[in-house]
Amino acid sequence: MVDDQMVNQVAFSGKRGEARAGGPGRPRAGHELPLLLFAGFRTLIDEVHGELARQGHPHARPAHGFALQAIGRDGAAASEVARRLGISKQAAGKTVDRLVALGYAERADDPADARRKLVRPTPRGLDLLARSAAVFDQLRARWAATLGEERLCAIEDDLRVVAAPGAFRLDAAGWIGGMN
């Protein structure tokens, strides 16, 4: 939300939690599907980060989670983080700098190549990832309680069928921001 007047918000008919009026035969606008998928994604991400803030990670942002996933448990060079995220080396460097400043990552010598530096998650970074995974599990359980486990599984299965091969990548931040 940009401000309390919901500037730049897409308006849907109906209230949150209500299905749209009309049956399955009612034509629906094609532009609503990506907006609803994004709204579901945004709802989950916002709720995860609200809970992470309550659990001691108030400065964690969605981009930090993508970056920590790109770094991986064993670490990676900043150039590899950039490639995995689909962003420039400079943007990756700034992201790594922020993760280091927040205590989520550290720079270390690469044991295989003394000329190279690795970025590795710290125990705090690993804690952030573990907590976010647990919160995502809780939110999925809440969605299952609302929609029914069978229906939620069907939605997940159907999305796997229609999602493009290879579309599940960490470079969402670069793709959304047009940095590719």
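This passage describes the fold, strand pairing, salt bridges, aromatic pair and nonpolar surface patch of a predicted model.

The protein chain contains 7 helices and 2 strands. Along the sequence these elements follow the order α-α-α-α-β-β-α-α-α. Of the 180 residues in the protein chain, 25% are buried. Contacts between residues at least 6 apart in sequence were also examined, and 53% of them join residues at least 24 apart. The exposed area of the protein chain is about 12400 Å². Carbon and sulfur atoms supply 57% of that area.

The two strands are β1, which covers residues 105–110, and β2, which covers residues 113–121. They run antiparallel and are joined by 6 bridges. Together β1 and β2 form a hairpin, with 2 residues between them. Ala105 has Pro121 in β2 as its bridge partner. Arg107 stands opposite Val119, which also belongs to β2.

Across the whole structure, the search for salt bridges returns 14. One of the residues involved is Arg107, whose side chain meets that of Asp97 at 2.5 Å, N to O. This pair links distant parts of the chain, since Arg107 belongs to strand β1 and Asp97 to helix α4 (residues 89–102), 10 residues apart. Arg107 thus has a β2 residue, Val119, opposite it and a salt-bridge partner, Asp97, in helix α4. Both ends of the salt bridge are partly exposed: Arg107 has a relative accessibility of 44%, and Asp97 has one of 41%.

A salt bridge also forms between the side chains of Glu106 and Arg120, at 2.9 Å from N to O. Glu106 lies in strand β1 and Arg120 in strand β2, so this salt bridge ties together parts of the chain that are 14 residues apart in sequence. Glu106 is partly exposed, at a relative accessible area of 33%. Arg120 is likewise partly exposed, at 32% relative accessibility.

Asp110 and Arg116 supply a further salt bridge, in which their side chains meet at 2.7 Å, N to O. Asp110 is buried because its relative accessible area is 9%, and the limit for a buried residue is under 20%. Its partner Arg116 is partly exposed, with a relative accessibility of 36%. Elsewhere, Glu80, Arg83 and Arg84 are joined into one network by salt bridges that share partners.

The structure also holds 1 aromatic pair. The rings of Phe38 and Phe41 make up this pair, with 6.1 Å between their centres and 35° between their planes, an arrangement counted as tilted. The pair is not classed as stacked because the angle between the planes is 35°, whereas stacked planes are under 30 degrees apart. Both residues belong to helix α1, which spans residues 32–54. Being 3 residues apart there, Phe38 and Phe41 are separated by about one helical turn. Phe38 is partly exposed, with a relative accessibility of 43%. Phe41, at 38%, is also partly exposed.

Helix α1 contributes to a nonpolar patch on the surface as well. The patch consists of Leu33, Leu37, Leu147, Ile155, Leu159, Val161 and Val162. Together these residues have about 630 Å² of accessible area. At least two residues of the patch come from each of α1 and α6, the latter covering residues 149–162. Helix α6 gives the most, with 4 residues. Leu33 is one of the patch residues and is found in helix α1. Leu33 is exposed because its relative accessible area is 55%, and exposed residues are those over 50%.

Taken by element, helix α1 holds the aromatic pair Phe38 and Phe41 and supplies residues to the nonpolar patch. Strand β1 is paired with β2 through bridges, and its residue Arg107 is linked by a salt bridge to Asp97 in helix α4. The side chains of Glu106 in β1 and Arg120 in β2 form a salt bridge between the two strands of the hairpin.

Terms used: Residues are numbered from 1 along each chain as its sequence is written. This is a predicted model: local features need pLDDT of at least 70, side-chain atom pairs count only at pLDDT 80 or more; totals for chains, interfaces and linings use all residues. Side-chain values use heavy atoms; hydrogens and water are left out. Buried means under 20% relative accessible area, exposed over 50%, partly exposed in between (1.4 Å probe, protein chains only). Contact means heavy atoms within 4.5 Å. Accessible areas come from the Shrake-Rupley method with a 1.4 Å probe; for residues, only the protein chains shown count as cover. Rings of Phe, Tyr and Trp (its six-membered ring) pair if their centres lie within 6.5 Å; planes under 30 degrees apart count as stacked, over 60 as edge-to-face and the rest as tilted. Two strands pair if DSSP finds at least two bridges between them. Patches are made of residues with over 30% relative accessible area and no salt bridge: like charges are joined within 9 Å, nonpolar side chains (Val, Leu, Ile, Met, Phe, Trp, Tyr) within 5 Å. A salt bridge is a side-chain nitrogen of Lys or Arg within 4 Å of a carboxyl oxygen of Asp or Glu.
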